[in-house]
Amino acid sequence: MDLSKLAASTLGSFNAKKDNINGQAELPAGTYNAILEQVEHRVYDSGYDCLLFVLTVIDGKYVGRREFVRASLATKKKDGTDMPDFVVSRNIKLIAKLAAQVGLAITPDMFAGNETDCYEKISQALYPYKGKPLTMIITESPNKKDPSRPYRNYDFGPAKQTMQMPTPDQFNAAMPTGTPQHPTQPTQPQQPLSQAPQGFQWDQSLKSSDDLPFD
């Protein structure tokens, strides 16, 4: 192992003043060639329930870095009131768009039953597509409540013909140590990142954060 090269790779994306040494910094906004590494129904200790997608960058400066994309189908907010339809609809579109890029058509019958049933059916349907390539587009929009933590938004496109799978050595050299920190408090899809899981999606253009129907 060349320690100086590893240090250069590690420190190139690490802010020693701010970043957690046990986790990894978020990917900057941009377009990435990635693979669908994992999809699962995830229930956190806080009670937050969602479909979790793990996408791994396969080339470029950030090869080996992971993005954790969570999509909630909750129809109720934490106070028991109804979740706005457009919030749930947006997450259905996110699931369908991501799945389509790796070859799976999401159909209405996958959303029959309760929330847990939906997560299980979709994650099982996507299981054979793990490892499939796609393009991941990350954008950010202002968070008026906490300008230092902008909202993260996602879109997906077809894999590029020029995609090259990294070698195991490239992955090992680029992979940060530790695991990302998960939320300890229940969250909703449109809460700011200071209250929501890292990597969560929200399109600020749909509605001002000052008008969001949350506590």
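Author: A salt bridge here is a side-chain nitrogen of Lys or Arg within 4 Å of a carboxyl oxygen of Asp or Glu. By this rule, seven salt bridges turn up in this predicted model.

Reader: What makes Glu-37 and Arg-66 a salt bridge?

Author: Their closest N and O atoms are 2.9 Å apart. The cut-off is 4 Å, so the pair qualifies. It also links distant parts of the chain, with Glu-37 sitting in strand β1 and Arg-66 in strand β3, 29 residues apart.

Reader: Is Glu-37 called buried, exposed or partly exposed, and why?

Author: Glu-37 has a relative accessible area of 29%. Buried would need a value under 20% and exposed one over 50%, so Glu-37 is partly exposed. Arg-66, at 25%, is partly exposed by that reasoning too.

Reader: How do you know that Glu-40 and Arg-42 meet in a salt bridge?

Author: The N to O distance between their side chains is 3.0 Å, and that falls within the 4 Å limit. As for accessibility, Glu-40 comes out at 23% and Arg-42 at 21%. Neither value is under 20%, so both residues are partly exposed rather than buried.

Reader: What about Lys-97 and Asp-155: what makes them a salt bridge?

Author: The closest N and O atoms of Lys-97 and Asp-155 are 2.7 Å apart, so they pass the 4 Å test. Here helix α2 supplies Lys-97 and strand β5 supplies Asp-155, with the two positions 58 residues apart along the chain. Lys-97 counts as partly exposed at 33%, as does Asp-155 at 36%.

Reader: Which residues do salt bridges that share partners join into one network?

Author: Glu-26, Glu-67, Glu-140 and Arg-152.

Reader: On to the inside. Why is Ala-71 called buried?

Author: Its relative accessible area is 0%, and anything under 20% counts as buried, so Ala-71 is buried. Ala-71 belongs to strand β3. The C-alpha atoms of Ala-71 and Phe-53 are separated by 8.3 Å, although the two residues lie 18 apart along the chain.

Reader: And what is Phe-53 in contact with, leaving aside its neighbours within four places in sequence?

Author: Ala-71 is one of the partners, and others include Leu-36, Val-39, Phe-68, Val-69, Leu-94, Ile-95, Leu-98 and Leu-126. Two further partners of Phe-53 are Gln-38 and Glu-67.

Reader: Which residues of the largest nonpolar core touch the most other members?

Author: Phe-53 is among them, along with Leu-55, Ile-95, Ile-106, Ile-122, Leu-126 and Phe-156, in a core of 34 residues. At least two core residues come from each of β1 (30–43), β2 (49–57), β3 (66–71), α2 (85–102), α3 (115–126), β4 (133–141) and β5 (151–157). Helix α2 gives the largest share, seven residues. Another core lies apart from this one; it has six residues, including Tyr-44, Tyr-48, Cys-50 and Val-54.

Reader: Why does Asn-143 count as buried?

Author: Asn-143 has a relative accessibility of 2%, which is under the 20% cut-off, so buried is the right word. Asn-143 is in the loop between β4 and β5, and its side chain reaches the backbone nitrogen of Lys-145 at 3.0 Å.

Reader: How do you know that β4 and β5 pair?

Author: They share seven bridges and run in the antiparallel sense. Two bridges are enough for strands to pair, so β4 and β5 qualify. One of the matches puts Thr-135 opposite Gly-157 in β5. β1 and β4 are also antiparallel and have six bridges, and Gly-30 stands opposite Ile-138 in β4.

Reader: What pattern does the chain follow along the sequence?

Author: It reads α-β-β-β-α-α-β-β-α, from four helices and five strands. Of the contacts between residues at least 6 apart in sequence, 64% join residues at least 24 apart. Buried residues account for 43% of the 215 in the chain.

Reader: Where does pLDDT stay under 50?

Author: Over residues 177–215, for which the model has 123 contacts beyond four places in sequence. Where pLDDT is low, the predicted coordinates should not be read in detail. For the chain, the mean pLDDT is 79, with 68% of residues at 70 or more.

Technical notes. Residues are numbered from 1 along each chain as its sequence is written. This is a predicted model: local features need pLDDT of at least 70, side-chain atom pairs count only at pLDDT 80 or more; totals for chains, interfaces and linings use all residues. Side-chain values use heavy atoms; hydrogens and water are left out. pLDDT is the predictor's confidence in each residue, from 0 to 100. Contact means heavy atoms within 4.5 Å. A nonpolar core is a set of buried Ala, Val, Leu, Ile, Met, Phe, Trp, Tyr and Cys residues joined through side-chain atoms within 4.5 Å. Buried means under 20% relative accessible area, exposed over 50%, partly exposed in between (1.4 Å probe, protein chains only). A polar contact is a pair of N or O atoms within 3.5 Å; within protein, one must be able to donate a hydrogen and the other to accept it, and residues adjacent in sequence count only if both atoms are side-chain atoms.
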